[in-house]
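Colleague: I am new to reading helix packing. Could you take me through one pair of packed helices in this model, step by step?

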Amino acid sequence: MTAESNKRAIRRALVSVYDKTGLEDLARGLHEAGVELVSTGSTAARIAAAGVPVTKVEELTGFPECLDGRVKTLHPRVHAGILADLRLDSHREQLAELGVEPFDLVVVNLYPFRETVASGASPDECVEQIDIGGPSMVRAAAKNHPSVAVVTSPDRYGDVLAAVQGGGFDLTTRKRLAAEAFQHTAAYDVAVASWFASSYAPVDESRFPDFLGATWERENTLRYGENPHQPAALYVDGTGAGLAKAEQLHGKEMSYNNYTDTDAARRAAYDHAEPCVAIIKHANPCGIAIGADVAEAHRKAHACDPLSAFGGVIAVNRPVSKEMAEQVAEIFTEVIVAPDYEDGALEALARKKNIRVLKAPAAPANPVELKPIDGGALLQVTDRLQAEGDDPAHWTLATGEALSAEELAELAFAWKACRAVKSNAILLAKDGASVGVGMGQVNRVDSAKLAVERAGAERAQGAYAASDAFFPFPDGLEILTAAGVKAVVQPGGSVRDELVVEAAKKAGVTMYFTGTRHFFH
């Protein structure tokens, strides 16, 4: 069977939409093509106001819309017209006996439930925006795609008008439209069920609902995944925000690894309130720094580990200046992402043909993190340095002289920057910049050695050190004190804290306890 032979001509359409974008043009185009229009409530009123003949659904059913519009289309004359399988003689005969005309096209989109919830509306207002008739018509038409075309997005109206002129949609396209329709209702139902489970009718007092649902749509297929033998794709959550929907202003196509490193870099940069630049490679920092402006922050971040920064990913929490862009253009960089770019910055970056330049206006905002595991998933609140122990005002001086306000700010920077380092993590900082990073080691001693080695003797002397978790023994701390660090911040909480504190005291080093840990895996 050819595509032409399985087309279904469009003679009669049911139109009922909340989002009335493009409605008048659609109605005019259908009418001019000889299509009979049946519609409901405000949709019918809008069509009539455009001068297009339309049959109101109550004229079709002989039953008025009632209960403040809750019941409009839930009627056999509507649903029989949608659900009749016109391939079957018995269905055609029943329609004739009942005096029901079939629909060839159903155009429906749903009440704005998610938008109503997001607006802060009352529970009663949210419940009222749970569409009943709309999903029923959409699902009925999608099920009966051999006989009916269903459209749920104004983006498809151009296709509808082209199909009307071309003899209708072929079966392949009707299947695709049905798939889109079921996606539309599935996402809608997930939103409703999630709201009930999390806000309106939670099963218990846990902050985690008993039902967790989400939907993603494929944005594009990537060249490959983490490695060339792994196919991969990018999916978006429908919010229209975040890194997944960042605007690419220049450069090569983003890869899977580009996305993972850029995500880590943005999170690291936005851990800081001051102008900040984070340079990331394989999800770990090559350098993180704050400065009076982004150009200064970039110079300091790059100086931490220039060797590793080659081919890295840069994130900035402020618009990129022309000065910073000119600095970056001198260094091989895979990706740069920022909320915006000042005059001249993009032009400077574009001198490098392949650098990927992304614009992502808002800060990372996912409130939770989902980690798939075999047979399920783990959900946790995102670590945004929101714990009480992330505020130096709540730190405990374990030993040594209390730091001045300026010195405490240096140690606080080290603590925040350390959050972005994979555990076990040790970070040394000076002048608002990382100078040595020990990451991802399976013991804290090796992380301390790595941080000191990367800093070098001169930069380690007088540096401020942070550890993402407690020192289980004094040995890791002793590596830092031997290198000449000025102060150390760590969570504390080890059964051997007294030994660690004694080692710091013996070395004449100030040490603070935060009472907060920042493991990162």
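Modeller: Happy to! Let's start with the crossing of helix 18 and helix 19, which is right-handed; a crossing gets that name if the near helix is turned clockwise from the far one by less than a right angle, and left-handed if anticlockwise. Helices here are DSSP runs of H or I with at least four residues, numbered from the N terminus. Before going on, note that this is a predicted model, in which local features need pLDDT of at least 70, side-chain atom pairs count only at pLDDT 80 or more, and totals for chains, interfaces and linings use all residues. Residues are numbered from 1 along each chain as its sequence is written, and side-chain values use heavy atoms, with hydrogens and water left out.

Two packed helices are described by the angle between their axes and the distance between the axes. For helix 18 (residues 474–482) and helix 19 (residues 497–507), the angle is about 20° and the axes lie 9 Å apart. Each axis is a line fitted to C-alpha atoms over the stretch in contact, and angles run from 0 to 180 degrees between N-to-C directions. Helix 18 is therefore roughly parallel to helix 19, a label for angles under 35 degrees.

Which residues make the contact? Helix 18 brings Pro474, Leu477, Glu478 and Thr481, while helix 19 offers Leu499, Val500, Ala503, Ala504 and Ala507; contact means heavy atoms within 4.5 Å. Sorted by type, the residues of this contact are seven nonpolar, one polar and one charged. Here Ala, Val, Leu, Ile, Met, Phe, Trp, Tyr, Cys and Pro count as nonpolar, Asp, Glu, Lys and Arg as charged, and the others, Gly among them, as polar.

Methods
Helix = DSSP H or I, 4+ residues; strand = E, 2+ residues; numbered from the N terminus. Parallel < 35°, antiparallel > 145°, perpendicular 65-115°, else oblique.
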